[in-house]
Amino acid sequence: VGVAEHDLLVIVTNAHVVADSDSLRVVLFDGRAFDAKLVGKDVESDLALLRIGAKDLVAAPLRTEDPVTVGEWVIAVGNPLGLGHSVSAGIISGRGRTANIATYEDFIQTDAAINPGNSGGPLVDLEGRVVGVNTAVADIRFGGQGIGFAIPAPMVANVVEQLREFGAVRRGYV
């Protein structure tokens with residue numbers, strides 16, 4: 001998921017994707033590769049923000065105003081099982097889900113195929129707007145098959161804004 005910023009592009013991915021990496025490299029569909037700088041990450045929401053120096057790229061818009069609805073068609077984009085630049089289609093199966101993988105969860109549930117390697121890729125609506133960031137699949141050891149989870153775009157927007165400004169997320173607490 002990218003957001004244009006002058007001649008730079010900020011890229012949203014999962015915190016678990018970049019984990020404890022010493023160096024980061026982003027490879028685009030056209031074969032261009034860029035060294036990336038970690039702007040910040042928030043393990044509690046499992047989101048990270050990277051920056052690359054890339055020109056002539058178009059960022060996909062985040063759909064933050066209009067919540068997804070159950071039954072709506074979506075497309076999951078990613079690199080599942082190392083099969084780069086893949087897409088799969090499905091529907092929104094549920095909203096407000098928890099999966100016990102992050103501190104702050106409000107997942108979109110989808111039956112679009114999300115596999116290891118899809119993490120950090122966008123979940124988009126049929127108009128090309130990013131509705132979420134693919135994060136996890138239900139554990140098949142417990143019967144989960146064809147159930148994927150994505151962080152919803154409004155949460156992504158909030159975390160990205162704070163990572164841009166502070167390099168970390170600031171949360172209130174009592």
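# Exercises on strand β9 and its surroundings

In the hairpin formed by β9 and β10, four residues lie between the strands, and glycine 128 takes a positive phi near 85 degrees. The model is predicted: local features need pLDDT of at least 70, side-chain atom pairs count only at pLDDT 80 or more, and totals for chains, interfaces and linings use all residues. Residues are numbered from 1 along each chain as its sequence is written, and side-chain values use heavy atoms, with hydrogens and water left out. Helices (H or I, at least four residues) and strands (E, at least two) are DSSP runs numbered from the N terminus. Two strands pair if DSSP finds at least two bridges between them.

## Exercise 1

Describe how β9 pairs with β6 and β10, and which residues stand opposite each other.

Solution.

Step 1. Take β6 and β9: they run antiparallel and are joined by three bridges. In this pairing, valine 74 stands opposite aspartate 125 of β9.

Step 2. Turn to β9 and β10 (residues 130-137), which are also antiparallel and joined by three bridges. Proline 122 stands opposite valine 133 in β10, leucine 123 opposite glycine 132, and valine 124 opposite valine 130.

Step 3. As background, strands of a sheet pair through backbone hydrogen bonds, either parallel or antiparallel.

## Exercise 2

Determine whether the faces of β9 are covered or not.

Solution.

Step 1. Fix the term: buried means under 20% relative accessible area, exposed over 50%, and partly exposed in between (1.4 Å probe, protein chains only).

Step 2. In a regular strand the side chains alternate between the two faces of the sheet.

Step 3. On one side of β9 are Pro122 and Val124, on the other Leu123 and Asp125; all are buried, and both faces are covered.

Step 4. Compare with the neighbouring strand: β10 is largely enclosed by the rest of the structure, because seven of its eight residues are buried.

## Exercise 3

Trace the salt bridges of arginine 63 and the network to which Arg63 belongs.

Solution.

Step 1. A salt bridge is a side-chain nitrogen of Lys or Arg within 4 Å of a carboxyl oxygen of Asp or Glu. The structure holds nine of them.

Step 2. Arginine 63 meets aspartate 66 in a salt bridge at 3.5 Å, N to O. Aspartate 66 is partly exposed, at 42% relative accessibility, whereas arginine 63 is buried, at 7%.

Step 3. Arginine 63 also bridges to aspartate 125, at 3.0 Å from N to O. This pair links distant parts of the chain, 62 residues apart: aspartate 125 lies in β9 (residues 122-125), arginine 63 in the loop between β5 (47-52) and β6 (73-78). Both residues of the pair, aspartate 125 and arginine 63, are buried.

Step 4. Glutamate 127 forms a salt bridge with arginine 129, with the closest N and O atoms 3.7 Å apart. Here glutamate 127 is exposed at 64% relative accessibility, and arginine 129 is partly exposed at 23%. Salt bridges that share partners join Arg63, Asp66, Glu72, Asp125, Glu127 and Arg129 into one network.

## Exercise 4

Place β9 in the barrel, and locate helix α2 on the sheet.

Solution.

Step 1. Six strands close into a barrel with antiparallel pairing, in the order β6-β7-β8-β11-β10-β9. From one strand to the next the twist averages 45 degrees. Axes are lines fitted to C-alpha atoms, for helices over the stretch in contact, and angles run from 0 to 180 degrees between N-to-C directions.

Step 2. Helix α2 (residues 153-166) packs on the sheet, touching β10 and β11 (148-152), and its direction makes about 50 degrees with that of β11. Contact means heavy atoms within 4.5 Å.

Step 3. The strands β10 and β11 are themselves antiparallel, paired over five bridges; asparagine 134 stands opposite alanine 150 in β11.

Step 4. Alanine 153 is found in helix α2 and is buried at 0% relative accessibility. Not counting residues up to four places away in sequence, alanine 153 touches Leu62, Arg63, Thr64, Val130, Val131 and Gly132.
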